[in-house]
Amino acid sequence: MDQPSVHPVTWKRPPVLFTHTGWRRAIYAGALIYLVLAMQSIEVDWQRVYLGLDRGWKFVEGFLTPDFTTRWRDISEGLIESLTMTVTSTVAGILVSVPIGIGAARNLAPAPVYLFCRGIITLSRSFQEVIIAILLVAMFGFGPFAGFLTLAFASIGFLSKLLAEDIEACDRSQIEAIRATGASWWQVVNYAVQPQVMPRLVGLSLYRLDINFRESAVIGIVGAGGIGATLNTAIDRYEYDSAGAILIIIIAIVLVVEYSSSYIRRWVQ
Amino acid sequence: MNVLKLDKLSKTYATGDTALNQVSFEVPAGQVLGLIGPSGAGKSTLIRCINRLVEPTAGSITLGGTDLAQLQGAALRRARRRIGMIFQEYALVERLTVMENVLSGRLGYVSLWRSFLRRYSPDDVSKAFSLLEQVGLSQHYNKRADALSGGQRQRVGIARALEQDPELLLVDEPTASLDPKTSRQIMRLIGDACRERHLPAIINIHDVMLAQQFTDRIIGLRAGEVVFDGPPSGLTDEVLTRIYGDEDWTRMRGEEAGADEPRTPAVDLAEGI
C-alpha cells in the first residue's frame with residue numbers, strides 16, 4: 001500500500017427511531033415535559049395516604065393472623081364453586097377453541113372461515129373478563145353460571161388466538177409431505193399439524209386453567225359467584241382475618257397449579 | 001411404455017416470475033431420471049407441479065392415462081397416493097414415531113377413523129416392517145423421528161414413499177443435507193428400490209457427480225427450460241456450461257478425480273451449511 005488509509009476512524013450506531021436529529025430532540029424533550037406536568041396533575045392528599053397506610057396495616061395484621069375457622073363454611077363453599085367454575089370453563093373453552101383455532105390458521109383454512117374465526121377471536125379478546133362478567137351477571141343473575149360463561153368466553157379468545165399462531169408457525173415441509181401422500185384435510189391436521197402443536201396446546205391450556213382460577217376470584221367481586229364473592233363479603237364486613245385466610249388459600253392454589261403445570265409441560269415435550 | 005408424460009408444462013408465479021416454460025418430456029417405466037440445473041432453474045417447481053403441491057399454469061401431466069393437471073379434490077388425492085415423494089430435509093413428522101411416519105404413506109388409502117386410531121391393516125403394517133428392514137432400520141420402529149440421525153431420517157423418508165406402492169417417485173434434493181458417504185448410500189438405496197420395482201423416478205439433484213453416477217438419464221434445466229436431455233455420459237463441459245453458465249469444468253473435474261480424500265473436509269463443510 002502506497003497511500004495511507006483514508007477510511008473513517010469513528011463510527012456511531014445510527015438511531016433506530018426518529019432519524020432526524022432535530023425532531024428526535026424535540027420529541028424526547030416534549031415527552032419529558034409532558035411526563036413532569038402529568039405527574040404534577042396527580043393530587044396527593046397526604047391525609048388520605050396516612051389513613052390508607054393505617055388501614056393497610058390492618059390488612060397486614062389480618063394476613064398475619066388469618067382466621068380460617070370462623071367463616072370456614074363460606075370459604076369452602078366459595079372455594080369449591082370457584083374450582084368447579086375454573087375446571088368446567090377451561091374444559092369448555094378448550095373444546096370450543098380448538099376448532100376455532102384451526103379455522104383461524106391461515107395455512108389450513110379457506111379465507112371465509114379464516115375471517116369468521118378471527119372475528120370471534122377479536123370479539124372475545126376485545127372485552128376484559130370483568131366487563132363480560134358484569135354483562136353476563138346482568139343477563140343471567142348472580143352466581144357461578146355467569147362466571148362459567150365469562151371464563152369460557154374469555155378462554156376462547158386466548159386459546160384460539162395462540163393456537164392459530166402456533167399452527168401458522170408449523171413446519172411447512174411436514175404438512176407438505178403428508179399432503180403429498182394423498183391424505184385428506186383432516187388426516188393432514190391429525191398427522192402433520194397435531195403432533196407439532198400438541199405440546200404448546202397442553203401448555204396453553206394449563207396456563208389458562210391458572211388464569212381462570214385467578215380471574216374467578218376477580219369476577220366474583222362483580223357477582224359471578226365463587227371465592228371472589230366470599231372475599232368481597234369478608235372485606236365488606238371488615239373481617240380482615242378471614243379475608244387474609246382467603247388470600248392465602250388463593251396464593252397457595254395458584255402456586256400449586258403453577259408448579260404442576262410446568263412439570264406436565266416438560267413431560268409432554 | 002411411458003409412465004409419465006409432461007406436455008408443455010408451464011408455471012408462472014403470482015409475482016410474475018416464470019419458473020417453468022413449456023417443459024415437455026416422457027419418462028418410461030423403471031427409468032431413474034436426474035434433474036440438474038442451477039438454483040432457481042425450476043427443478044423444485046417442476047416436481048411439485050407433478051403431484052400438484054404447486055399449481056401449474058398451463059400444460060398437461062399424464063400419469064398412466066390420467067391428466068393430473070385437471071384433477072380436483074378427492075380425485076387429486078387419489079392421484080397423489082400413486083406418487084411417492086422424498087424430500088430435501090426429510091420432512092418427517094418429528095414428534096411421531098418412525099412407524100407412524102412410514103404408515104402415513106397409506107393415508108390416501110385408509111379412512112380418517114382408522115388413521116386417527118392408527119389401526120392399519122395387517123398388510124400395511126407388515127409392509128412397513130419389511131420396508132424398514134430393507135432400509136436397515138428394523139430396530140428403530142418405535143423411536144421418535146427426531147431421535148434419528150440425518151441419514152436414518154432420509155431412510156425413513158424413503159420407506160414412507162415406498163409404503164405408498166407408488167407408480168412414480170419424486171425425489172427433491174435427497175442428499176442436500178447429508179455427508180458425502182451417506183449421500184451415496186441414499187442414492188444407491190433409491191436406485192435399487194426403483195430397479196427392483198421397475199419404478200420410474202425423477203431426482204432433483206445439485207451434485208452433478210452423484211447425478212452422473214446414479215441415474216440413467218439426465219435433464220438439464222436452465223431458467224425454466226430444458227437445455228439438455230440425454231445419457232449421463234453426454235454431460236460434456238460444453239453441456240455443463242449450457243446448463244450452469246461459464247465455469248472451468250475441466251479443472252473441477254480434475255479435482256474430483258484427482259485427490260478424493262483431502263477434499264472431503266471441504267465438501268463436508270460446504271454441505272453442512
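**Helix packing, sheets and the chain contact in a predicted two-chain model**

In chain A, helix H5 (residues 129–140) and helix H8 (residues 185–221) have axes that come within 9 Å and cross at roughly 50°. Because of this angle, H5(A) is oblique to H8(A). The crossing of the two helices, H5(A) and H8(A), is right-handed. On the H5(A) side the contact is formed by A:Glu129, A:Val130 and A:Ala133, and on the H8(A) side by A:Glu215, A:Val218 and A:Ile219. By residue class, this contact of H5(A) with H8(A) comprises 4 nonpolar, no polar and 2 charged residues. The model described here is a predicted one.

Annotation from an unreviewed UniProt entry assigns the term "transmembrane region" to residues 26–42, 91–109, 130–156 and 243–264 of chain A. Two of these stretches can be described in terms of the model. Residues 130–156 of chain A are 89% helix and 0% strand, with the end C-alpha atoms 16 Å apart. Residues 243–264 of chain A are 100% helix and 0% strand, and here the end C-alpha atoms lie 32 Å apart.

Chain A also touches chain B, in a contact that takes 18 residues from chain A and 21 residues from chain B. On the side of chain A, the elements giving two or more residues are helix H7 (172–180) and H8. The residues on this side of chain A divide into 8 nonpolar, 8 polar and 2 charged. Helix H8 of chain A thus appears both in the contact with chain B and in the packing against H5(A).

For chain B, the unreviewed UniProt entry lists residues 4–248 under "domain: ABC transporter". Over this range, chain B is 36% helix and 24% strand, and the end C-alpha atoms are 35 Å apart. The strands considered below belong to two open sheets, one of 4 strands and one of 6 strands.

The sheet of 4 strands in chain B has the order S2-S1-S4-S5, and its pairing is antiparallel. Strand S2 (18–28) and strand S5 (66–67) of chain B are the edge strands, each pairing on one side only. Strand S1 (residues 2–12) of chain B runs antiparallel to S2(B) and is joined to it by 7 bridges. Within this pair, B:Asn2 has B:Pro28 of S2(B) as its bridge partner. S1(B) and S2(B) form a hairpin with 5 residues between the strands, and in the turn B:Gly16 has a positive phi of about 95°. S1(B) is also joined to S4(B), again in the antiparallel sense, by 5 bridges. In that pairing B:Leu6 stands opposite B:Ile61 in S4(B). Helix H1 (residues 43–50) of chain B lies across S1, S2 and strand S4 (58–63) of chain B, and runs at about 60° to S2(B).

The sheet of 6 strands in chain B is likewise open, with the order S6-S7-S8-S3-S9-S10 and mixed pairing. Strand S6 (83–86) and S10 of chain B stand at the edges with a single partner strand each, so one side of each has no neighbour in the sheet. Direction ignored, neighbouring strands of this sheet are turned by 20° against each other on average. At one end of the strand order, strand S9 (residues 217–222) and strand S10 (residues 225–230) of chain B pair in the antiparallel sense over 5 bridges. Opposite residues in this pair include B:Ile218 and B:Gly230 of S10(B), as well as B:Arg222 and B:Glu225 of S10(B). S9(B) and S10(B) form a hairpin with 2 residues between them, and B:Ala223 in the turn has a positive phi of about 50°.

Helix packing in chain B is illustrated by helix H6 (residues 150–163) and helix H7 (residues 180–197), which pack at an angle of about 15° with their axes 10 Å apart. This angle is the reason why H6(B) is described as roughly parallel to H7(B). H6(B) passes H7(B) in a right-handed crossing. H6(B) contributes B:Gly150, B:Gly151, B:Gln154, B:Arg155, B:Ile158 and B:Leu162 to the contact, while H7(B) contributes B:Thr182, B:Gln185, B:Ile186, B:Leu189, B:Ile190 and B:Ala193. The residues of this contact of H6(B) with H7(B) divide into 6 nonpolar, 5 polar and 1 charged.

Key: Residues numbered from 1 in each chain as written. Chains lettered and ligands numbered in written order. Predicted model: local features only at pLDDT ≥ 70, side-chain atom pairs only at ≥ 80, totals over all residues. Axes fitted to C-alpha atoms, helices over the stretch in contact; angles between N-to-C directions. Parallel < 35°, antiparallel > 145°, perpendicular 65-115°, else oblique. Left-handed = near helix turned anticlockwise from the far one by under 90°. Contact = placed C-beta atoms within 7 Å. Nonpolar A, V, L, I, M, F, W, Y, C, P; charged D, E, K, R; others polar. UniProt positions renumbered as here; feature names shortened; annotations may be inferred. Pairing = 2+ DSSP bridges.
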